[in-house]
Amino acid sequence: MSPTARLATMAGMRAPDPFELNFARGTMLAWEPPAARAGAPALLLLHGAACGAWVWAEGFGSRLATAGFEVFAPGFNRAREGRAAGLADFTEDARAALGALRRRVVLVGHSLGGLVAQRLLDAPAVAGMALLAPVPPEGLAWANWRLAMADPPLWRAVARMAEPAGSPAEAAILRRALFGPALPEILALHHLSRMGVESRVALLEAQAPQPVAPAWGLCKPAVVFGGRRDPLVPPDAVVRTAAWHAAPFALLDGMAHAMMLDAGWEGLADRLTNWLEETYR
């Protein structure tokens, strides 16, 4: 189906609401497509730092489901047995969600969730991945150092993501890093108010180079999207991630880091849908 025909079809459908499912390591949101696409893989959406599955419930998950895909979004547990969770714990959370689905899945990972997706790519049930502003295989140390030199207030605000909510001034600084200027202020503040404390262990581990196999070596398709206004995972890091996986990429004008919530997220969802349709015919 052409993009124009698909959009016309979607316009006549009611966007599905998410419902909650339990699995071995927690809960996940799920969206049932109004008209399932025959033979299409399910989508497992993995959220980024300081967020939760709720980021996909602001419209993005529903739009993917309306396009014909089964959509699932687990949350990561930030503490395990009295200790802060690390990247291995997040990967096991995603692996447990994958096992509960018992079907072929494409991983869609944002930011820290994009790193988890890359670590999970070799799982047999994974058919491919789409990355949104992902932590690169090289880790975040270089991007973090550059941010500290170029924008110390933003660097300090990002560093406090492992602590309780900071000052209103820090929230304003994070707003310009996470969202582009086109997003209405009331929406930006709403999203910021829902963000929580991230595991310091996971954030520290994400600074270092990661044990990530390239997608081409696993014979699995991948695609990478980034925002031209993103100071947290800057465009050059997006390009290097795409090069590592020999994957196509797109840098989207006007978008900052929280791409699935930012102004223009509908266009991003449609780009992802187009790639899925072309890749998994």
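**Exercise 1. A residue in a short strand**

Task: In which strand does R83 lie, and which residues outside its sequence neighbourhood does R83 contact?

Solution: R83 belongs to strand β6, which spans residues 83–84, in what is a predicted model. The next step is accessibility: R83 has a relative accessible area of 39% and is therefore partly exposed, since that class lies between the 20% limit for buried and the 50% limit for exposed. Once the neighbours within four places in sequence are set aside, R83 is in contact with R78 and D89. As for T27, the C-alpha atoms of R83 and T27 are 20 Å apart in space, with their positions 56 residues apart in sequence.

**Exercise 2. A proline in a loop**

Task: Is P16 buried or exposed, and what surrounds P16 beyond its neighbours in sequence?

Solution: Begin with the location, which is the loop between α1 (3–11) and β1 (19–23). The relative accessibility of P16 is 10%, so P16 counts as buried, the cut-off being under 20%. Leaving out residues within four places in sequence, the contacts of P16 are W31, E32, P34, S62, A65 and T66. One of these, P34, can be followed further: P16 and P34 are 18 residues apart in sequence, while their C-alpha atoms are 7.0 Å apart in space.

**Exercise 3. The largest nonpolar core**

Task: Which residues of the largest nonpolar core touch the most other members, and which helix gives this core its largest share?

Solution: The core holds 98 residues, and those touching the most other members are L44, W56, F60 and L112. Its largest share, 7 residues, is supplied by helix α3, residues 87–101. To look more closely at one of the four, take L112, which touches H47, G48, A49, L87, F90, V135, E198, A202 and A206 when residues up to four places away in sequence are not counted. As background, nonpolar side chains in soluble globular proteins tend to be buried together.

**Exercise 4. The largest pocket and its lining**

Task: What is the volume of the largest pocket, and which helix gives the most to its lining?

Solution: The volume is about 930 Å³. The lining consists of 46 residues, of which A157, V158, A159, R160 and M161 are the closest to the centre of the pocket. At least two lining residues come from each of α5 (141–150), α6 (152–159), α7 (168–178), α8 (185–194) and α9 (200–205), and α7 gives the most, with 5 residues. Sorted by character, the lining contains 32 nonpolar, 10 polar and 4 charged residues.

**Exercise 5. The buried faces of three helices**

Task: Which residues are buried in α6, in α5 and in α10, and why do those of α5 line one face of the helix?

Solution: Start with α6, where L154, A157 and V158 are buried. They cover an arc of only 100° around the axis, and therefore lie on the same side of α6. The packing partners of these buried residues are α5 and α7.

In α5, the buried residues are A143, L147 and A148. Viewed down the axis of α5, they fall within an arc of 140°, so they line one face of the helix. Their cover includes α6.

In α10, residues 235–245, the buried residues are A237, V238, T241, A242 and H245. Because they cover an arc of only 140° around the axis, they sit on the same side of α10. Among the elements that cover them are α4 (112–119), β8 (126–132), β9 (222–227) and β10 (249–252). A general rule helps in reading such patterns: an α-helix has 3.6 residues a turn, so residues three or four places apart point the same way.

**Exercise 6. Positive phi angles outside glycine**

Task: Where are A133 and C219 found, and is A133 buried or exposed?

Solution: A133 lies in the loop between β8 and α5, and its phi is positive, about 45°, although A133 is not a glycine. Its relative accessible area is 0%, so A133 is buried.

C219 is found in the loop between α9 and β9, with a phi near 60°, again a positive value in a residue other than glycine. C219 has a relative accessible area of 70% and is therefore exposed.

To finish, A246, just after α10, takes a positive phi of about 50°.

Notes:
Residues are numbered from 1 along each chain as its sequence is written. This is a predicted model: local features need pLDDT of at least 70, side-chain atom pairs count only at pLDDT 80 or more; totals for chains, interfaces and linings use all residues. Side-chain values use heavy atoms; hydrogens and water are left out. A nonpolar core is a set of buried Ala, Val, Leu, Ile, Met, Phe, Trp, Tyr and Cys residues joined through side-chain atoms within 4.5 Å. Buried means under 20% relative accessible area, exposed over 50%, partly exposed in between (1.4 Å probe, protein chains only). Helices (H or I, at least four residues) and strands (E, at least two) are DSSP runs, numbered from the N terminus. Contact means heavy atoms within 4.5 Å. On a 1 Å grid over the protein atoms alone, a cavity is a set of points where a 1.4 Å probe fits but cannot get out, and a pocket is an open set with protein on both sides within 12 Å along at least five of seven lines; lining residues have an atom within 4 Å of a point. Grid points are joined across faces, edges and corners, and a volume is the space filled by probe spheres set on the points. Ala, Val, Leu, Ile, Met, Phe, Trp, Tyr, Cys and Pro count as nonpolar, Asp, Glu, Lys and Arg as charged, and the others, Gly among them, as polar. The arc is that of the directions from the helix axis to the C-beta atoms.
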